[in-house]
2 protein chains.
Amino acid sequence: MSDLQFKDLVEPVAIDKKTALRVTVLGGGSFGTAMANTAVRNGCDTMIWIRDEAIAKEINATHVNKRYLPDFKLEDGLRAVSNLEQAVCDRDIILVAIPSHSFRDVLRQIKPFISAQAVISLTKGVEAKTFSFMSDIIREELPEVPYGVLSGPNLAKEIVAGQPAGTVIASDSELVRYAVQQALHSALFRVFGSDDVHGVELGGALKNIYAVAMGMAAAYKVGENTKSMILTRALAEMSRFAVKLGANPLTFLGLSGVGDLFATCNSPLSRNYQVGFALGSGKTLDQATKELGQTAEGINTIVQVNTRAKELDVYMPITQALYEVIFEGAPPLNIAVSLMKNGHRSDVEFVLPHHEV
Amino acid sequence: MSDLQFKDLVEPVAIDKKTALRVTVLGGGSFGTAMANTAVRNGCDTMIWIRDEAIAKEINATHVNKRYLPDFKLEDGLRAVSNLEQAVCDRDIILVAIPSHSFRDVLRQIKPFISAQAVISLTKGVEAKTFSFMSDIIREELPEVPYGVLSGPNLAKEIVAGQPAGTVIASDSELVRYAVQQALHSALFRVFGSDDVHGVELGGALKNIYAVAMGMAAAYKVGENTKSMILTRALAEMSRFAVKLGANPLTFLGLSGVGDLFATCNSPLSRNYQVGFALGSGKTLDQATKELGQTAEGINTIVQVNTRAKELDVYMPITQALYEVIFEGAPPLNIAVSLMKNGHRSDVEFVLPHHEV
């Protein structure tokens, strides 16, 4: 096999030919750092805001994010700052890579510094209690701002290693989509466009549920037929839920839908998959959580989505079955069989409605 | 882990409560045999037609299909016959599991015996030269007959082993869909309905192209991000092609679309995947074919679809790139990079048209 790498074949960006967009990433986690690094490579004037001043200084001195991407040398042009006003004032694009539980709080802090910047969420998830998506939070906290969400199968370590990847920028604004593509698109990181903001962010928010289901199925040593059925039934209930919130079901055919779901369900090392495997092996949630050392994100999503699906009257049998197994002690195998016996009979209800099957 | 199996939890069908549909499977390959066995379990009066009389007799004597499912004991109620008239006359459903190159010929042979039977294709593929799908051949050869196609991620060995699986019956006729569900649906084999015949059969016919691409990518040790991107770009071009033929793009969200593609691309032992891996490792098609001992189906499909896509003016960059690598000696890695650099910028063009990105 050739030792040639993808990145050896890609020409560097000719900086002077690019618009020098001013880009700031808020948050120094692995994905935020990877996107900031991508923007520098694309010729943008790029800052990354990190709350802890000592870490910001360390990144500026060493060009390494020791905690999240310890093995990777960042571009020299990347500046880390810990002052929020400096990070946000007079910039073109603000990429928000802050965990969902602090997302709203950080938006409130930057509000005084926002004039014409576009604000883009890089965060996958749902705000606890309010069941708000990140785009909802942006609209609530910064109602005048042009905004978008970025989501896709984007493991940060693979991106910084130069493995080809793609993502989706979703926004109602053509200008916002274009600016984010200018800032981040390259031959190794393709940025596709969409105008279905809710559809795109729902893919990233809901997929962890099905990683739990896939881990549970793996404990029963199911074959490829069964895995494929879980994947497509997951898509059926995700898109059903999303359509109820006004999204387009076809969005789930793309990178932020089935793409992210495929990557997540194919990652046996993820916490969600592992907690599912433990549950399928007869362990309780407490036992599984103890073994993993922390709660898997998918468990919280199951609780939230199960409640919300009931409120919205959306049929989500896999989510409900997982809830019953995890919180009500139902036996996983019986639940799986009852899933097989009952339920809808249309393959894709947006093609053939259930009542017409 | 529990030793309990899915099949231990499923109650046997109460035969007297079921309509005793008369079902015949034409063809004694592994999938046809699995479907015949499923129909017997579902209480149907079931025959399997096998051209070779000796093999039919052997199956009746031993209840084993020695060539295709040697490790599996078939239901006692399954009758194998080698007389085509006996197999087809006075039956309700004819399931045709004949390879694509003989499919038309067998339909011509059964034509004299067809009165009101429904004819269902179980065959995935495209007829060489004519680029006809199996439903096209049914319409051409048996224009009056009610028909349908069955397609999904359905490895025969997993089905006979009792692993949960799902499939899709596609037909314009509600009665045909209902009859096939009666004949085959069970708690371990779910039969979902669709009325998008071309969309459903295209999934099964085109997926092998992308198994070649996935094998080639594996030779370059790509990560999950890249695999997910290949999967979704494959869906983009499959659905684009299908829509040109009048299918519904949403069909690709289901079992026969992404479900079958996922199973195929996750099967590193398949010939298509292996030929792709060999090509990505710098071997020629001749070398790869010699190593495998036979031609991979995906290679033929690439040739056919590449030609047809040009005629129909459908943009299929992955198929075209594979064609150039395999038949025109283009270097795979450079082709991959040019795929990344160029092309469409909408994630799902049926959500946001390319010219609006």
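**Reading a predicted two-chain model**

Colleague: Ile159(B) lies in helix H6 of chain B. How should I read such a label, and is Ile159(B) buried or exposed?

Modeller: Helices (H or I, at least four residues) and strands (E, at least two) are DSSP runs numbered from the N terminus. Buried means under 20% relative accessible area, exposed over 50% and partly exposed in between, with a 1.4 Å probe and protein chains only. Ile159(B), at 7% relative accessibility, counts as buried. Its C-alpha atom and that of Ala187(B) are 12 Å apart, and 28 residues separate the two along the chain.

Colleague: What should I keep in mind about the model itself?

Modeller: It is a predicted model, where local features need pLDDT of at least 70 and side-chain atom pairs count only at pLDDT 80 or more, while totals for chains, interfaces and linings use all residues. Residues are numbered from 1 along each chain as its sequence is written, chains are lettered from A and ligands numbered from 1 in the order in which they are written, and side-chain values use heavy atoms, without hydrogens and water.

Colleague: Helix H6 of chain B also holds Glu158(B). Which side chain of opposite charge is nearest to Glu158(B)?

Modeller: For charge, Lys and Arg count as positive and Asp and Glu as negative, with His and the chain ends not counted. A salt bridge is a side-chain nitrogen of Lys or Arg within 4 Å of a carboxyl oxygen of Asp or Glu. Glu158(B) is buried yet has no salt bridge, and the nearest side chain of opposite charge is Lys227(A), 7.6 Å away. A polar atom of the Glu158(B) side chain does lie 2.8 Å from the backbone nitrogen of Asn225(A).

Colleague: How many salt bridges does the structure hold over all chains?

Modeller: There are 38 over all chains. Take Arg104(A) and Glu140(A), whose closest N and O atoms are 2.8 Å apart. Arg104(A) sits in helix H4 (residues 100–110) of chain A and Glu140(A) in helix H5 (residues 134–141) of chain A, so this pair ties together parts 36 residues apart in sequence. Arg104(A) is buried at 12% relative accessibility, whereas Glu140(A) is partly exposed at 46%. Both belong to a salt-bridge network with Arg108(A), Glu127(A) and Glu141(A).

Colleague: Where do Arg308(A) and Glu311(A) lie?

Modeller: Both are in helix H13 (residues 297–312) of chain A, three residues apart, about one turn of the helix. Their side chains form a salt bridge at 3.1 Å, N to O. Arg308(A) is partly exposed at 24% relative accessibility, and Glu311(A) is exposed at 55%.

Colleague: And which parts does the pair Asp260(B) and Lys124(B) tie together?

Modeller: Their side chains meet in a salt bridge of 3.0 Å, N to O. Asp260(B) lies in helix H10 (residues 255–265) of chain B and Lys124(B) in the loop between strand S5 (118–121) and strand S6 (126–127) of chain B, so parts 136 residues apart in sequence are tied together. Asp260(B) is buried, with a relative accessible area of 2%, while Lys124(B) is partly exposed at 31%.

Colleague: How do I read a positive phi?

Modeller: Most residues other than glycine have a negative phi. Lys129(A) is not a glycine, yet has a positive phi of about 70°. Lys129(A) is in the loop between strand S6 (126–127) and strand S7 (132–133) of chain A and is exposed at 88% relative accessibility. Asp313(B) has a positive phi near 60°. This Asp313(B) is in the loop between helix H13 (297–312) and helix H14 (317–328) of chain B, and it is exposed, with a relative accessible area of 65%.

Colleague: Which residue follows H2(B), and which residue caps the N-terminal end of that helix?

Modeller: His63(B) follows H2(B), with a positive phi near 55°. At the N-terminal end of helix H2 (residues 53–62) of chain B, Asp52(B) is the cap, with a side-chain oxygen 2.9 Å from the backbone nitrogen of Ala54(B).

Colleague: What about Arg190(B) in chain B, buried or exposed?

Modeller: Arg190(B) is in strand S10 (residues 189–194) of chain B and is buried at 7% relative accessibility. The C-alpha atoms of Arg190(B) and Gly166(B) are separated by 4.5 Å, though the two are 24 residues apart along the chain.

Conventions: A polar contact is a pair of N or O atoms within 3.5 Å; within protein, one must be able to donate a hydrogen and the other to accept it, and residues adjacent in sequence count only if both atoms are side-chain atoms.
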